[in-house]
Amino acid sequence: MALTWLVIQTALYLALAPLVLGYIKKAKAYLQGRRGPDIRQPYRDLVKLWHKETVTSRTASWITRAAPLILFATTLAAAVLLPTISLASAVYLRYGDILTVIYLLATGSFFLALAGLDAGSAFGGMGSSRESLLAALLEPGILLALSVPVLTAGSTSIRRLVGASLSPAVLLLPAHLLALGAVFLAAIAETGRIPVDNPDTHLELTMIHEGMFLEYTGRPLALLNWAVQVRQLLVLTVVANLFFPWGLALVPQPVSLGLAGAVYLGKLLLLGGGLALVESVYAKLRLFRAPGFLWAISFLGLLALVSRYLFRGAH
Amino acid sequence: MNLIRVAKAEMLGVVRGIKERGGVLFTVCGSDERLWDHGFGLYYVFSLGKGGGFQTVATMVDAADAVFPSVTSVFEAAHWDEREIQDLLGLVPLGHLDPRPLVRPDDWPEGLFPLRKDFPAGERPPLVTSREYPFTPVGGEGVFQVPVGPVHAGIIESGHFRFHAVGERIISLEARLFYNHRGVEKLAEGREVEEAMFLVERICGSCSCSHAVAYAQALEELGSLQVPPRAAALRSTYLELERLYNHLNDVGAICAGTGFSFGAVHGSRLKEEVLALNERLTGHRYLFGTIVPGGLSREPFGLEGLAGDLAALREDWGETVAVLLDNESFRERLRDTGRLSREAARRLGVVGPAARASGVDRDLRRDHPYAAYGRLEVTVPVQQGGDVEARFLIRVKEIAATFALLEELLTDLPAGGIRVPLGELPPYTPTFGYTESPRGANVHFLLTAPGNRIYRHRVRSASFPNWAAVPFAVEGNMLPDFPLINKSFELCYACLDR
């Protein structure tokens with residue numbers, strides 16, 4: 001049974017991730033009064049890259065070759081641990097732990113930063129240095145924010161976390177809402193979006209996340225892009241199912257699974273729309289203002305933690 | 001033309017005198033005149049400010065002694081002009097502050113100068129092994145180089161930017177930009193002046209009309225022609241439409257530079273509306289084929305309804321710009337970024353909106369009126385900040401002024417003819433024409449040959465002096481802010497190199 005869920009989760013993430021990106025782009029275009037690219041465009045881009053020639057820098061080492069695989073593998077491994085439509089996956093994958101998820105992602109980021117440096121191009125190095133700076137500042141915010149549901153559940157196990165959040169009393173706690181805010185802001189930073197980074201830029205000097213990808217072509221690039229799309233979906237799933245786990249099928253039956261799928265899609269539509277809205281309304285921050293944004297996440301996380309002890313609620 | 005001919009040795013003294021009278025460098029032209037004289041002619045044109053007219057100083061450089069005293073110690077703004085003369089004509093400016101090659105590619109053979117008359121147009125000499133370009137070395141702990149371009153990730157013209165930076169802070173920037181040399185000036189030589197208009201319009205896509213009018217005015221000045229009032233008014237109309245679509249584009253580009261997609265999208269949408277208007281009016285989105293020496297090529301197609309459409313556009317723009325001006329996250333991004341001091345702007349002879357954003361109150365439409373501007377009320381906004389925000393606000397204000405000018409022009413459009421014949425032009429006589437393009441002064445300097453043909457044609461577009469100033473605005477800023485600073489100047493690479 002565990003194996004079945006593993007396969008289902010993996011397939012769901014891989015299939016859905018490009019669509020979520022396409023949807024966010026479409027939503028952005030809609031908000032800006034444009035028609036925008038077809039929602040299926042990210043799939044076509046992946047296929048196109050897959051069939052393109054791969055060119056690797058002469059100065060690149062094994063890191064450049066290994067990084068896309070490592071990023072893809074760690075991202076997928078982290079993704080399957082998070083329940084999408086059914087709690088069953090979390091039940092069967094009982095090693096699912098929120099800290100495992102965070103540090104699997106961090107491992108991927110680490111190798112990506114190495115890959116940015118590896119080819120020796122100026123833009124890759126700049127991208128790596130900026131990404132590392134921001135990642136280091138983002139980490140405390142994420143941990144503080146997640147410590148609220150962790151304390152509520154009394155465990156870092158994803159199964160317990162989801163279980164604890166299912167209680168309606170928890171949802172209305174100020175601590176829970178503050179933590180949710182912090183995690184949503186962290187999601188903006190983690191997915192490389194405005195106001196922290198601009199995913200649509202072609203200006204090398206301004207790039208943070210994209211800078212590390214500049215040396216990649218063909219299949220490795222397709223793999224990297226796909227991994228980043230899965231990662232984006234994963235981050236949205238953390239917000240959607242860790243903080244609002246309603247709709248998750250508690251028992252894997254066809255009807256409840258179908259319902260759970262619809263609810264999950266609905267949540268993604270809402271969150272993706274939120275990202276698109278933020279991106280359409282704000283300009284990108286100056287690079288050295290971005291840490292201020294990240295500190296705000298930490299501060300929000302800290303507030304959430306403090307308020308957990310001040311307002312215990314019915315819990 | 002107010003021209004004095006002086007001996008080479010007296011040049012610097014005369015030029016100093018002009019500086020003391022408040023003169024500003026306007027254009028420089030070198031020309032191979034060995035055909036009828038003993039060497040090369042050098043022309044320096046200076047503007048004497050509002051109502052003061054122009055002063056041209058000419059000198060002769062002997063072919064046997066191909067050096068001349070650099071005026072950069074008096075007018076630093078001539079630095080790139082003189083380097084260009086050195087590369088293309090082989091005359092060496094003595095005492096130049098920075099005599100490195102400017103236009104010449106690294107693999108071009110030594111001693112071969114394309115603008116000399118004995119170099120045939122279209123000649124492709126065998127290239128030599130690339131020489132190493134001597135970038136100014138920057139030392140110190142933690143200083144690293146960032147080479148950007150000439151090939152970029154996006155669809156941008158080619159230019160190489162060499163940054164020296166400590167962390168993210170830029171210590172120095174050197175730009176090598178002459179990758180777009182098409183030899184327009186050489187190709188013009190020997191052509192009939194009317195035929196050469198096709199070349200002139202294609203120097204630059206985004207200020208084609210400004211170039212065409214400047215060129216036509218140079219010829220009209222030489223032939224002592226007055227274009228009919230209707231042609232003059234329509235020329236001003238077209239020039240203002242060109243300013244409008246450029247400024248709308250540039251405002252959008254500044255928004256794009258900050259990642260503010262709302263402004264970027266609406267900037268390009270509004271620009272497109274003006275382009276469509278241009279097409280309806282002249283049959284061409286970028287106003288090609290409308291200007292001819294002596295007037296206009298034809299009557300506009302659809303003047304009726306134009307005023308109404310412009311009024312609607314003005315309202316539309318008003319709504320967009322209100323959002324831009326109110327968005328603090330966007331405004332904050334522009335403030336204090338890429339400051340160009342007034343002193344640097346003056347010293348380097350910066351023109352157009354970039355100069356006016358740094359407190360230099362100059363506009364050719366008001367100071368040396370041409371076309372119909374003499375009878376119009378030209379408002380010239382000036383900002384003191386010199387940063388990206390000032391360059392953004394200058395454009396916002398100039399868009400408003402342009403809408404007002406267009407309204408004034410269209411309510412009172414003179415009737416009558418639109419073209420007068422050019423007639424026989426006097427040969428070997430220097431002349432020039434100019435316009436205040438959306439980016440500043442576009443100056444065309446001409447020498448004609450018998451039979452209304454071009455002997456020498458030098459184009460100094462607004463991008464020429466302004467590009468040299470960009471590095472000064474960039475120093476001390478952060479690397480990721482460079483594209484935004486660059487976009488706030490929104491200069492043209494093709495105009496620069498020709």
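# Reading a two-chain model

Reader: In β9(B), which residue is the bridge partner of Val166(B)?

Author: The bridge partner of Val166(B) in β9(B) is Arg169(B). Keep in mind throughout that this is a predicted model.

Reader: Which residue in β9(B) is the bridge partner of Ala165(B)?

Author: Ala165(B) has Ile170(B) as its bridge partner in β9(B). Put the two pairs beside the overall pairing: β8(B) and strand β9 (residues 169-176) of chain B run antiparallel and are joined by 7 bridges.

Reader: How many residues lie between β8(B) and β9(B) in the hairpin?

Author: There are 2 residues between the two strands of this hairpin. Gly167(B), in the turn, has a positive phi of about 60°.

Reader: In what sense do strand β7 and strand β8 of chain B pair?

Author: Strand β7 (residues 143-148) and strand β8 (residues 160-166) of chain B pair in the antiparallel sense, over 6 bridges. To find one bridge by eye, start at Val143(B), whose partner in β8(B) is Val166(B). Val166(B) has already appeared above as the partner of Arg169(B) in β9(B).

Reader: Now a sheet. What is the strand order in the open sheet of 4 strands in chain B?

Author: The order is β1-β4-β3-β2, and the pairing is mixed. Order in the sheet is read from neighbour to neighbour.

Reader: Which strands stand at the edges?

Author: β1 (3-5) and β2 (24-32) of chain B do. Each has a single partner strand, so one side of each is left without a neighbour in the sheet. On average, neighbouring strands of this sheet are turned by 20° against each other, direction ignored.

Reader: How many bridges pair β2(B) with strand β3 of chain B?

Author: 8 bridges pair β2(B) with strand β3 (residues 39-47) of chain B, in the antiparallel sense. At one of them, Ser31(B) is matched with Gly41(B) in β3(B).

Reader: Which helix packs on the sheet?

Author: Helix α1 (residues 11-20) of chain B packs on the sheet and touches β3 and β4 (54-62) of that chain. The direction of this helix makes about 170° with that of β4(B).

Reader: How are two packed helices described?

Author: Two numbers are used: the angle between the axes and the distance between the axes. Here, take helix α14 (residues 463-474) and helix α15 (residues 482-489) of chain B, which pack at about 145° with their axes 10 Å apart. The crossing of α14(B) past α15(B) is right-handed.

Reader: Which residues in α14(B) meet α15(B)?

Author: From α14(B) come Asn466(B), Val470(B), Ala473(B) and Val474(B). They meet Phe482(B), Ile485(B), Asn486(B) and Phe489(B) in α15(B). By type, the residues of this contact divide into 6 nonpolar, 2 polar and no charged. The spacing within each helix has a general reason. An α-helix has 3.6 residues a turn, so residues three or four places apart point the same way.

Reader: How many of the residues of α15(B) are buried?

Author: 8 of its 8 residues are buried. The list runs from Phe482(B) to Phe489(B) and includes Lys487(B). Their cover includes α6 (229-257), α11 (352-357), α13 (388-411) and α14 of chain B. After α15(B) comes Glu490(B), with a positive phi near 45°.

Reader: Turn to chain A. How many helices and strands are there in chain A?

Author: Chain A has 12 helices and 0 strands. Its radius of gyration is 19 Å, close to the 20 Å that the globule rule gives for 315 residues, so chain A is as compact as a globular protein of that length. Along the principal axes, its C-alpha trace spans about 60 × 45 × 40 Å. Of its 315 residues, 50% count as buried. Among contacts in chain A with a separation of 6 or more, 80% come from residues 24 or more positions apart.

Reader: Is Leu3(A) buried or exposed?

Author: Leu3(A) is exposed, because it has 8 other C-beta atoms within 10 Å, and the cut-off for exposed is 12 or fewer. This residue is found in helix α1 (residues 2-31) of chain A.

Reader: How many residues does the contact take from chain A and from chain B?

Author: It takes 24 residues from chain A and 21 residues from chain B. On the side of chain A, α6 (122-153) and α11 (254-281) each supply at least two residues. That side divides into 11 nonpolar, 7 polar and 6 charged residues.

Key:
Residues numbered from 1 in each chain as written. Chains lettered and ligands numbered in written order. Predicted model: local features only at pLDDT ≥ 70, side-chain atom pairs only at ≥ 80, totals over all residues. Axes fitted to C-alpha atoms, helices over the stretch in contact; angles between N-to-C directions. Left-handed = near helix turned anticlockwise from the far one by under 90°. Contact = placed C-beta atoms within 7 Å. Nonpolar A, V, L, I, M, F, W, Y, C, P; charged D, E, K, R; others polar. Rg over C-alpha atoms; globule rule 2.2 N^0.38 Å. Buried ≥ 20, exposed ≤ 12 C-beta atoms within 10 Å, placed from the backbone. Pairing = 2+ DSSP bridges.
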